[in-house]
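Hi everyone, thanks for making time today. I'd like to walk you through one structure, so please pull it up and follow along with me.

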Amino acid sequence: IRGTREHREEIRKKVLKSPDQLIFSVNQILDECYRAIRAGGTYEELLFIFDNLDRYSPETVDKILIDQADNLKRLRCNIIYTVPISLIYQPRKGVLPDVFKSEVLPMIKIREKGQRWGETYSEGVRNLIEVIERRLEIGKVFSNPDLVKKIVLESGGSLRELMRLIQEACIETTGDKIDEAAVQKAIINLRGEFTRPMPHSFLPDLVKIHKSKQTDNSPTQRD
């Protein structure tokens, strides 16, 4: 919604007063999109992914996904919403699985519980290496294929952090390929992003999680 703040607020108020008209108009656009892609003969369905909803306050996400759930379901397309974890473990209003089909996607396991730091869960590591292989030619991008495994292990099994490490290594490299120095600098940079904003009050919980390999539903651990 472009224009002045007052103009945006006016539009929002009109939309909230008559959501039926907005949904009708959006569905007309979606229907035309479906006709176009199906005429091409390659695809059958549309999928929209709304990511980064965790950047909004829980109250805002509740208003969107819980209060407006019936209206969202009227849109004639497939939609995936990535939601804050608090909406699953500490719902403020309705329970999300009662409203939408919900899935919790864990990190990809790279170590078994109880394994030492130098030990790994080979299947998880192999799967993450395959994720990278499907996106780039390892031999043309990395000076040493072993660096790929190092990045995988440092990602902690998080696809998001895996991609951030690769992106950061690309920025830090000074040659034609990503080398050991670039990977190490990427690791240090990302580590700093996690540690700088971390309150000291989190440290006892982090130590507890490290020792027990378990988390609970306490407010600090959810944060």
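Let me start with the naming: helices (H or I, at least four residues) and strands (E, at least two) are DSSP runs, numbered from the N terminus. With that in hand, Asn 52 sits in the loop between E1 and H3. Please keep in mind that this is a predicted model, where local features need pLDDT of at least 70 and side-chain atom pairs count only at pLDDT 80 or more, while totals for chains, interfaces and linings use all residues. Residues are numbered from 1 along each chain as its sequence is written, and side-chain values use heavy atoms, with hydrogens and water left out.

Back to Asn 52. Its phi is near 65°, a positive value in a residue other than glycine. As a reminder, most residues other than glycine have a negative phi. Is Asn 52 buried or exposed? For us, buried means under 20% relative accessible area, exposed over 50%, and partly exposed in between, with a 1.4 Å probe and protein chains only. Asn 52 is partly exposed, because its relative accessible area is 24%.

Next, the second largest pocket. On a 1 Å grid over the protein atoms alone, a cavity is a set of points where a 1.4 Å probe fits but cannot get out, whereas a pocket is an open set with protein on both sides within 12 Å along at least five of seven lines; lining residues have an atom within 4 Å of a point. Grid points are joined across faces, edges and corners, and a volume is the space filled by probe spheres set on the points. By that recipe, the second largest pocket has a volume of about 1000 Å³. It is lined by 24 residues, and the closest to its centre are Val 15, Leu 22, Ile 64, Gln 68 and Leu 72.

Which elements build that lining? At least two residues each come from helix H1 (5–17), helix H2 (19–40), strand E1 (47–50), helix H3 (58–67), helix H4 (69–73) and strand E2 (78–81). H2 gives the largest share, five residues. As for chemistry, we count Ala, Val, Leu, Ile, Met, Phe, Trp, Tyr, Cys and Pro as nonpolar, Asp, Glu, Lys and Arg as charged, and the others, Gly among them, as polar. The lining then divides into 19 nonpolar, two polar and three charged residues.

Now over to helix H9 (residues 146–154). Leu 147, Val 148, Ile 151, Val 152 and Leu 153 are buried there. What covers these buried residues includes H7, helix H8 (138–141), H10 and helix H11 (180–195). Just after H9, Gly 156 takes a positive phi of about 70°.

On to charges. Side chains of opposite charge can pair when their charged atoms come close. Our cut-off for a salt bridge is a side-chain nitrogen of Lys or Arg within 4 Å of a carboxyl oxygen of Asp or Glu. A search of the whole structure finds eleven of them.

Arg 164 is a nice place to look. It forms a salt bridge with Glu 161, with the closest N and O atoms 3.0 Å apart. Both lie in helix H10, three residues apart, about one turn of the helix. Arg 164 is partly exposed at 26%, whereas Glu 161 is buried at 12%. Glu 193 also forms a salt bridge with Arg 164, and there the closest N and O atoms are 2.0 Å apart. That pair links distant parts of the chain, with Glu 193 in helix H11 and Arg 164 in helix H10, 29 residues apart.

Elsewhere, Lys 109 forms a salt bridge with Glu 112 at 3.3 Å between the closest N and O atoms. Arg 38, Glu 44 and Glu 45 are linked in a network of salt bridges.

How about a charged residue without a partner? Glu 168 lies in helix H10 (residues 159–172). Here Lys and Arg count as positive and Asp and Glu as negative; His and the chain ends are not counted. Glu 168 is buried yet has no salt bridge, and the nearest side chain of opposite charge, Lys 185, is 6.4 Å away. Taking contact as heavy atoms within 4.5 Å, and leaving aside neighbours within four places in sequence, Glu 168 is in contact with Ala 186 and Asn 189.
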